[in-house]
Structures are given as C-alpha cells and as structure tokens.
Amino acid sequence: MKGPVVLSVASEVFPLAKTGGLADVAGALPPALAAEGVAVRTLLPGYPVVLAALPTADAVHAWPALHGGPARLLAARAGELDLFVLDAPHLFDRSGNPYTGPDGKEWPDNGLRFGALARVAAEVGRGLVPAFAPDIVHAHDWQAGLAPAYLHYGPGPRPRTVMTVHNLAFQGQFPAALLAPLGLPAHAFTMEGVEYYGTIGFLKAGLALADRITTVSPRYAMEIRTPDFGMGLDGLLRARAGALSGILNGIDTAYWDPATDRHLAATYDARSVDRRAANKAALRQRFGLDGKADAPVFGVVSRLTWQKGIDVLVEAIPDLLAQGAQLALVGTGEAPIEAGLRAAAAAHPGRVGVLVGFDEGAAHLVQGGADALLVPSRFEPCGLTQLCALRYGTVPVVARVGGLADTVIDANEMALVASAGNGLQFAPVTREALALTLERAVALWRDRPTWARLQQHGMAADVGWRRPARQYAALFRALAAEAGA
Ligand code: ADP
Ligand code: GLC
C-alpha cells in the first residue's frame with residue numbers, strides 16, 4: 001500500500017534557516033518519516049540564505065501578484081529534504097532574523113508574509129503542482145497556522161490538516177482589516193473560525209480548524225489545556241481535546257553524535273567518556289574559565305527569554321558559585337537578560353563565562369564539555385538541548401515542565417536503585433528551588449561512580465527520531481484513511 005504524502009509547512013528548516021528548535025524538527029522529521037513510508041515535501045519561505053543555498057532550484061509556478069508583489073514557487077532538493085520554496089522578494093528578501101528587522105521589532109507586514117506562506121501551502125495542498133497531491137498538510141506554529149483555514153474555507157475536496165504547536169506563546173495576531181488582503185472570506189471571521197479577541201489569530205485559526213492538533217510532548221499536550229499554560233487558548237484546546245495529542249521530539253542523532261562531532265576537541269562514546277576531559281578544557285578556554293580540577297562546569301545553550309527562566313538563573317549565580325561550580329553559557333535574546341549575564345561574567349572572571357550570540361560550534365562544545373546542562377524553563381513544549389545533553393553524557397538539570405519532565409528522569413533514590421535516573425528535575429522555577437538542586441547536582445557530581453552512572457543512562461537513552469516518526473506516521477495514515485473513506 002502506498003504511504004501517505006505530506007506537505008510540511010514551516011517558517012524555518014535546519015540547516016537552511018534556524019532560530020530555534022522548530023527548525024531542527026522541521027529539518028529532521030521528513031527523513032525520519034521517509035523511513036516509515038511517508039513521503040514529505042517541505043514548504044518554506046525564500047529568505048536570502050535559503051535562496052543562496054539552493055542555486056539550482058526550478059520555478060514550478062508563478063503568481064503575478066501575491067500579497068503585493070510577484071512570487072514564484074521553486075522546487076529544490078537539499079540533502080535529504082524535498083523542498084518547495086516561496087520566492088517572494090517583497091516579503092522575504094530581508095536578511096537576518098526571519099521575523100524581526102534590524103531594530104529587533106517584528107516586521108510590520110508579518111501577517112501578509114506568513115499569510116502568503118500558508119496560502120501557498122493551501123494551493124499546493126489542492127494540487128497546484130501537478131504530480132504532487134498531498135494527503136495531508138502539516139502546519140508548524142503560527143506562521144503556518146492559516147493553512148488549515150485556507151483549506152477549510154476553500155472550495156471542493158481538500159487534504160486533511162494537522163496543526164503542530166511548538167510554542168503556544170507565539171500566536172500571530174493581526175488586525176481584522178487584513179482579512180480581505182489575506183484573501184479570507186468575511187464569514188471566516190467568527191469565533192469558530194479565525195477571529196481571536198477581535199483580531200485574526202493565525203495559531204488560533206489552525207487550532208480551531210485543523211483536523212488534528214499535535215504538540216511536541218505528551219505533558220505539554222496536557223499542560224496547555226490548563227489556564228496556567230494555555231496562554232488564553234486553553235478553552236479552545238479543552239474543547240478540541242479529542243483531536244489533540246503530544247508526540248515527543250527527537251534529535252538528529254547523526255548530526256548530534258559525540259563520536260563524530262567535528263566541533264569537539266575530542267570525540268568519544270559511552271565507552272570513552274573520560275575523553276570528555278579534553279572538551280572540558282577546550283570549553284573552559286573558549287569561555288575564559290579557570291582550570292580548576294574540583295569544579296564542575298554547568299553549561300547553558302538557550303534563547304535568553306522569560307520562557308527559558310534565564311533571569312532566575314542569573315539570580316542563582318551566587319548559589320552556583322558558592323557550590324564551587326562554574327558556568328559556561330551561550331545564548332542570545334532579551335537585552336536585560338543579556339546585560340545581567342554580561343555583568344555576572346564581569347563580576348566573576350574565570351568562573352562565569354558568557355558568549356552572547358548564536359554559535360553552533362559553541363553549542364556543541366558546551367554539550368561535549370560541560371558536566372551538566374541547565375534548563376530552568378518556566379514552560380517548555382519539548383526542549384531539544386536536554387536531549388542533546390543526554391546523548392553527550394552531559395547530565396541535564398531541568399525544570400519539571402513540559403518535554404523536560406517527559407525526557408529527564410530525576411535521579412532520586414528509587415530511580416538510582418532502578419538504574420533509571422539520567423538527570424535532575426526541580427520545581428518551581430525559583431532561585432531557591434534552583435539553588436537547592438544545584439547543591440544536589442554538585443553533591444552527585446562529587447560522587448563520581450554515581451555521576452558516571454547518570455551519564456551512562458543518558459547516553460543509552462533513545463533520543464532519535466525513529467520512535468516519534470512512527471507516531472507521526474501512524475497519525476498521518478489514520479488521517480489519510482479517513483480522507484479516503
Ligand atoms: P527553543 O526552540 O525553544 O529555542 P529548543 O531546545 O527546542 O528550544 O531548541 C533550541 C535549538 O537551538 C537547539 O538546537 C539549540 O542547540 C539551539 N540553540 C539555542 N540557542 C543557541 C545559540 N545561542 N547558539 C547555537 N545554538 C543555539
Ligand atoms: C519550540 C519550543 C521547544 C521545542 C521546539 C521544537 O521552540 O520552545 O520546547 O523543543 O519548539 O519543537
């Protein structure tokens with residue numbers, strides 16, 4: 001039997017364009033699904049970096065005017081990815097961050113930009129490109145959120161739709177006046193449709209109108225049905241609970257592999273964990289940390305935002321230092337948090353090392369050289385850095401929320417007795433709770449045989465895409481069968 005055909009729609013796809021985990025997932029899931037008999041093509045915007053990476057892309061369709069300018073749909077292949085690229089210079093020919101301008105503010109026309117992406121997804125979904133007839137349109141996050149709406153309100157038969165929430169905090173709300181420019185019918189502007197508190201809600205539309213909703217961990221799928229984590233959408237998500245499920249993310253275990261990672265000073269595997277010492281030395285050198293034998297290094301690889309709890313970490317730096325530990329952090333984000341971190345580094349030279357920026361090599365070195373990885377998120381749909389940490393023998397110390405709670409097994413006494421613990425969890429996300437857990441982590445680190453067991457359990461964990469890809473494949477098959485019935 002022929003497997004389902006899927007059009008995946010995302011605003012960033014690794015390795016072509018990335019600001020966070022969405023890109024990792026959008027880039028790694030399609031090849032994993034191919035192994036399950038699901039054929040995926042991915043639609044993404046033609047930012048300059050994307051077009052530069054695909055010089056031989058072919059035009060398969062042209063629009064004289066799409067949301068204010070001419071546009072073309074390109075087809076290309078990059079590595080294992082089959083791509084459609086929306087080349088619309090008036091919308092996407094802007095360098096830097098995909099969502100914000102040089103002033104750090106959202107582009108004012110983001111509604112039209114990502115509305116165009118979703119609109120084209122729906123057209124492709126309805127057979128715009130001969131020889132590509134998807135059974136399913138899979139929309140990722142608010143940027144693709146209108147795709148289910150365009151398909152719902154459009155004419156005739158349509159493919160099934162799946163809306164995947166990577167982060168409920170970003171919802172894409174735009175003025176009601178955009179309804180006509182976006183080409184949505186007036187009757188779409190209702191509570192059952194795209195209307196959201198008087199605006200057009202892109203994510204809301206996807207959540208209301210997609211055939212199925214998934215998010216990136218089972219626990220987050222529960223959390224978002226509560227007011228505490230629902231970000232105003234918990235009512236809708238409760239109403240749609242029957243269509244909502246959580247599928248844990250994986251990581252690309254070929255790319256994130258300590259045995260072959262070219263960013264490391266020394267490669268290693270579970271049998272040669274002692275070789276990590278060379279990476280710890282390289283990490284210390286890169287982050288300006290002193291070479292103290294009895295000091296564990298806590299690493300952080302993160303966006304520097306409220307979500308990630310980095311402000312709480314800044315408060316807890318004195319507690320971390322009081323334990324004799326060091327901090328190596330690479331990240332970029334909100335100016336006040338960046339400033340707080342820079343100040344801490346200046347106040348504690350040799351003990352706090354901060355690299356402000358997006359630096360792939362530094363991220364790998366932290367994973368390969370730090371003793372533990374700190375992820376103090378207030379909420380975390382899945383989180384990928386703790387999965388990388390497990391694979392690299394870096395013991396994750398995480399907040400007990402979302403995908404962090406679903407992937408890290410706290411090394412409490414019973415978990416240790418059962419040979420299951422692979423990290424540490426804490427709650428709530430406060431300086432006090434974090435400080436206590438840092439104390440517990442350092443005590444465990446000083447107990448070398450126990451720490452080594454935690455590392456082994458982490459490195460043995462199955463963090464790849466095979467298991468989650470099977471779950472997506474089952475969902476897609478079930479949906480395709482419904483469509484055919
Ligand atoms: P989110 O998508 O919420 O930012 P995830 O943990 O899902 O969080 O994914 C973050 C991804 O971005 C990981 O691949 C991580 O290694 C990477 N990353 C985050 N910050 C940086 C940085 N400053 N430099 C390099 N990579 C980073
Ligand atoms: C989002 C979430 C993160 C998740 C990633 C990929 O950016 O913040 O938790 O891992 O998407 O799904």
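Which strands does helix α4 lie across, and at what angle does α4 run to β2? The first legend takes that up, and the others move on through the rest of this predicted model.

**Figure 1. Helix α4 on the nine-stranded sheet.** Helix α4, residues 110-125, lies across β1 (5-9), β2, β3, β4, β5 and β6. Against β2, α4 runs at about 150 degrees. The sheet underneath is an open one of 9 strands with mixed pairing. Reading across it, the order goes β3-β4-β5-β2-β1-β6-β7-β11-β12. Direction ignored, neighbouring strands here are turned by 25 degrees against each other on average.

**Figure 2. The edges of the nine-stranded sheet.** β3 (58-63) and β12 (244-246) sit at the edges. Each has a single partner strand, so one side of each goes without a neighbour in the sheet. For β3, have a look at β4 (residues 71-78): the two run antiparallel and 5 bridges join them. To find your place in that pair, use A62, which stands opposite R72 in β4.

**Figure 3. Helix α1 against the nine-stranded sheet.** α1 also packs on this sheet, where it touches β2 (39-45), β5 (81-87) and β6 (136-140). The direction of α1 makes about 135 degrees with that of β5. Keep α1 (21-34) in mind for the ligand views: it is one of the elements giving two or more residues to the shell around ligand 1. As for ligand 2, α1 provides the largest share of its shell, 3 residues.

**Figure 4. The six-stranded parallel sheet.** Here's the other open sheet, with 6 strands in parallel pairing and the order β15-β14-β13-β16-β17-β18. Its edge strands are β15 (352-356) and β18 (424-426), and each of them pairs on one side only. From one strand to the next, the twist averages 20 degrees. Zoom in on β13 (residues 297-304) and β16 (residues 372-375), and you'll find a parallel pair with 2 bridges. The bridge partner of F298 in β16 is A372.

**Figure 5. Two helices on the six-stranded sheet.** Helix α10 (residues 276-287) packs on the sheet and touches β13, β14 (326-333) and β15. Its direction makes about 60 degrees with that of β14. Helix α11 (residues 310-322) lies across β13, β14, β15 and β16. With respect to β13, α11 runs at about 165 degrees.

**Figure 6. Ligand 1 and its shell.** Ligand 1 is surrounded by 19 residues, and the closest are K18, G21, D24, R303 and G357. Three of the polar distances are worth picking out. A backbone N or O atom of G21 lies 2.6 Å from a ligand oxygen atom. The side chain of R303 has an N or O atom 2.7 Å from an oxygen atom of ligand 1. At G357, a polar backbone atom is 2.8 Å from a nitrogen atom of the ligand. Taken on its own, ligand 1 has 560 Å² of accessible area, and the protein covers 93% of that. α1, β13, β14 and α13 (360-369) are the elements that give two or more residues to the shell. β13 gives the most, with 3 residues. By type, the shell splits into 5 nonpolar, 7 polar and 7 charged residues.

**Figure 7. Ligand 2 and its shell.** This ligand has 14 residues around it, with H166, N249, E380, C382 and G383 the closest. An N or O atom in the side chain of N249 is 2.8 Å from an oxygen atom of ligand 2. From the backbone, C382 places an N or O atom 2.9 Å from a ligand oxygen atom, while a polar backbone atom of G383 is 2.8 Å from an oxygen atom of ligand 2. Alone, ligand 2 exposes 310 Å², of which the protein buries 93%. The shell divides into 6 nonpolar, 6 polar and 2 charged residues.

**Figure 8. Backbone oddities in three loops.** Most residues other than glycine have a negative phi, and most peptide bonds are trans. The F14 to P15 peptide bond, though, is cis, with omega near 5 degrees. P15 is in the loop between β1 and α1. Another cis peptide bond joins A427 and P428, with omega about -10 degrees. P428 is in the loop between β18 and α17 (431-446). Then there's A131, whose phi is positive, near 75 degrees; A131 is in the loop between α4 and β6.

Key:
Residues numbered from 1 in each chain as written. Chains lettered and ligands numbered in written order. Predicted model: local features only at pLDDT ≥ 70, side-chain atom pairs only at ≥ 80, totals over all residues. Heavy atoms only, no water. Pairing = 2+ DSSP bridges. Helix = DSSP H or I, 4+ residues; strand = E, 2+ residues; numbered from the N terminus. Axes fitted to C-alpha atoms, helices over the stretch in contact; angles between N-to-C directions. Contact = heavy atoms within 4.5 Å. Near = heavy atom within 4 Å. Polar contact = N/O pair within 3.5 Å; in protein donor to acceptor, adjacent residues only side chain to side chain. Areas by Shrake-Rupley, 256 points an atom, 1.4 Å probe, with all protein chains shown as cover. Nonpolar A, V, L, I, M, F, W, Y, C, P; charged D, E, K, R; others polar.
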